[in-house]
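Here are a few notes to read alongside the model. Have the viewer open as you go through them.

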Amino acid sequence: MTETAARVRELNLYRRYFDLVAAGEKTTEVRVKYPHLADLAAGDVIRFRIKGTEETCDVRVRQVTEYPDFEALLDGEGPANVNPTATREEQLANIRTIYPPEKEALGALAIKIELLAP
């Protein structure tokens, strides 16, 4: 019997969200369903990096759920899992600042994550 190594994806993350992930407080990452993320699955590892730095944080993907838009995602996952420091309305505004309407139209992914030991 052979074991296959987990796939490792590298994704950039803003400092404020990186710090929440690194502290284990953010348990759901939000992304647009870009083609390169379409096959993201439980068991994969995401290495978050603060763009332009060597700072990284590894998490294991526990589950990936697709939603038609960010509102449905926040309602389905619970805003506190996405960002425990902001209200639902603040989060929606922040996410839509990052992803304009044409990106949101691709679909939204809720990626449940667990922090891996450094």
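Leaving aside its neighbours within four places in sequence, which residues is Lys26 in contact with? Keep in mind that this is a predicted model.

1. **The lysine.** Setting aside those sequence neighbours, the partners of Lys26 are Tyr17, Leu20, Val21, Asn81, Val82 and Ile113. Lys26 itself sits in the loop between α1 and β2 (28-32). Buried or exposed? Lys26 counts as buried, because its relative accessibility is 5%, and the cut-off for buried is under 20%. As for its side chain, a polar atom there lies 2.7 Å from the backbone oxygen of Val82.

2. **Helix α1.** Three of those partners turn up again here: Tyr17, Leu20 and Val21 are in contact with Lys26, and they are among the buried residues of helix α1 (residues 15-22), together with Phe18. Seen down the axis of α1, the buried residues fall within an arc of 160 degrees, so they line one face of the helix. What do they pack against? The elements in question are β3 (45-49), β4 (56-67), α4 and β5 (108-115). After α1 comes Gly24, and its phi is positive, near 80 degrees.

3. **A glutamine to look at as well.** Gln91 belongs to helix α4 (residues 88-98), and α4 is one of the elements that the buried residues of α1 pack against. With a relative accessibility of 2%, Gln91 counts as buried. Leaving aside neighbours within four places in sequence, Gln91 is in contact with Leu74, Pro79, Val82, Asn83 and Ala86. Val82 is worth a click, then: it is in contact with Gln91 and also with Lys26.

4. **The fold order.** How many helices and strands does the chain have? There are five of each, and along the sequence they run β-α-β-β-β-α-α-α-α-β. The chain has a radius of gyration of 14 Å, close to the 13 Å that the globule rule gives for 118 residues, so it is as compact as a globular protein of that length. The C-alpha trace spans about 45 × 25 × 25 Å along its principal axes.

5. **Whole-chain numbers.** Of the 118 residues in the chain, 36% are buried. If you take the contacts with a separation of 6 or more, 73% of them are between residues 24 or more positions apart. On the surface side, the chain exposes about 6,800 Å², and 51% of that comes from carbon and sulfur atoms.

Key
Residues numbered from 1 in each chain as written. Predicted model: local features only at pLDDT ≥ 70, side-chain atom pairs only at ≥ 80, totals over all residues. Heavy atoms only, no water. Helix = DSSP H or I, 4+ residues; strand = E, 2+ residues; numbered from the N terminus. Buried < 20%, exposed > 50% of the residue type's maximum accessible area, 1.4 Å probe, protein only. Contact = heavy atoms within 4.5 Å. Arc of directions from axis to C-beta. Polar contact = N/O pair within 3.5 Å; in protein donor to acceptor, adjacent residues only side chain to side chain. Rg over C-alpha atoms; globule rule 2.2 N^0.38 Å. Areas by Shrake-Rupley, 256 points an atom, 1.4 Å probe, with all protein chains shown as cover.
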